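The following note was prepared for a colleague who asked for comments on this model. The points are numbered for ease of reply.

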Amino acid sequence: MESGLSSLLSVSIDFETSHLFFPRIIHWIMAGLFVLILMTKVAPFMASVKRGERTLPIVGEARDNFRFIGTLVLIAAYFYFMAVVGDMFPYTGYGFLLVSMVFVLLMSLLYLHDWTKKALTIVVVNAIVAPSLAWFVLAKLFTITLP
């Protein structure tokens with residue numbers, strides 16, 4: 001009985017492959033979501049094509065191109081400028097902090113519908129507080145190196 005309990009309380013870690021544990025889980029979740037997208041979006045689309053319908057689902061849906069393209073540009077700029085600013089302040093995390101503040105501000109402004117004084121105040125406070133909190137937790141509490 002003692003050996004059974006001690007084996008339950010002991011942990012052995014294979015450090016050669018332990019870093020692959022969570023990426024493997026994320027890959028399977030992403031694969032499941034991909035299958036779900038195929039079932040819910042592509043299958044009805046293909047059925048419409050086979051029936052010869054003129055208005056196809058997905059294709060006819062409206063999209064806000066300004067916000068869509070703006071989001072893609074801001075994401076690309078975020079990664080580019082994080083490296084640039086991170087190189088100015090190496091191993092401090094200030095690249096992450098400063099660029100994330102600007103990114104959150106611009107993304108929030110891009111999707112803000114009512115530009116009231118209250119809404120803009122909330123956006124600015126959120127753009128400062130959220131990245132600062134993330135930077136503090138990651139860089140200072142967990143000592144994770146940020147760009």
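1. Arg 67 is buried in this predicted model, with a relative accessible area of 18%. Because the limit for a buried residue is under 20%, the value of 18% places Arg 67 in that class. The residue belongs to helix H3, which covers residues 65-88.

2. Which residue forms a salt bridge with Arg 67? The partner is Asp 64, and the closest N and O atoms of the pair are 2.9 Å apart. The structure holds one salt bridge, so the reader may wish to inspect the exposure of each partner: Asp 64 is partly exposed, at 38% relative accessible area, whereas Arg 67 counts as buried at 18%. The side chains of Asp 64 and Arg 67 are also joined by a polar contact of 2.9 Å.

3. The side chain of Arg 67 has a further polar partner, the backbone oxygen of Leu 110, which it reaches at 2.8 Å. When neighbours within four places in sequence are set aside, Arg 67 is in contact with Leu 110, Tyr 111, Leu 112 and His 113. Leu 110 is itself among the buried residues of H4.

4. Thr 71 also lies in helix H3. Is Thr 71 buried or exposed? Its relative accessible area is 13%, and Thr 71 is therefore buried. Beyond residues up to four places away in sequence, Thr 71 touches Met 107, Leu 110 and Tyr 111. Leu 110 and Tyr 111 likewise appear among the contacts of Arg 67. As general background, an α-helix has 3.6 residues a turn, so residues three or four places apart point the same way.

5. Helix H4 spans residues 94-111. H4 has 18 residues and reaches 26 Å from its first C-alpha to its last, close to the 26 Å expected at 1.5 Å a residue. The buried residues of H4 are Gly 95, Phe 96, Leu 97, Val 99, Ser 100, Phe 103, Met 107 and Leu 110. The cover over these buried residues includes H3 and H5.

6. The largest nonpolar core has 13 residues, of which Tyr 78, Phe 96 and Trp 135 touch the most other members. At least two residues of this core come from each of H3, H4 and helix H5 (117-141). H4 supplies the largest share, six residues.

7. Phe 96 deserves separate inspection. Which residues does Phe 96 touch, not counting those up to four places away in sequence? They are Tyr 78, Met 82, Pro 131, Ala 134, Trp 135, Leu 146 and Pro 147. Two of these names, Tyr 78 and Trp 135, recur with Phe 96 among the core residues that touch the most other members.

8. For the chain as a whole, there are five helices and zero strands, and the order of elements from the N terminus is α-α-α-α-α. Of the 147 residues, 18% count as buried. The chain exposes about 11,800 Å², and carbon and sulfur atoms supply 73% of that area. Among contacts with a separation of 6 or more, 49% are between residues 24 or more positions apart.

Conventions
Residues numbered from 1 in each chain as written. Predicted model: local features only at pLDDT ≥ 70, side-chain atom pairs only at ≥ 80, totals over all residues. Heavy atoms only, no water. Helix = DSSP H or I, 4+ residues; strand = E, 2+ residues; numbered from the N terminus. Buried < 20%, exposed > 50% of the residue type's maximum accessible area, 1.4 Å probe, protein only. Contact = heavy atoms within 4.5 Å. Areas by Shrake-Rupley, 256 points an atom, 1.4 Å probe, with all protein chains shown as cover. Salt bridge = Lys/Arg side-chain N within 4 Å of Asp/Glu carboxyl O. Polar contact = N/O pair within 3.5 Å; in protein donor to acceptor, adjacent residues only side chain to side chain. Core = buried A, V, L, I, M, F, W, Y, C linked by side-chain atoms within 4.5 Å. Expected span 1.5 Å × (residues − 1).
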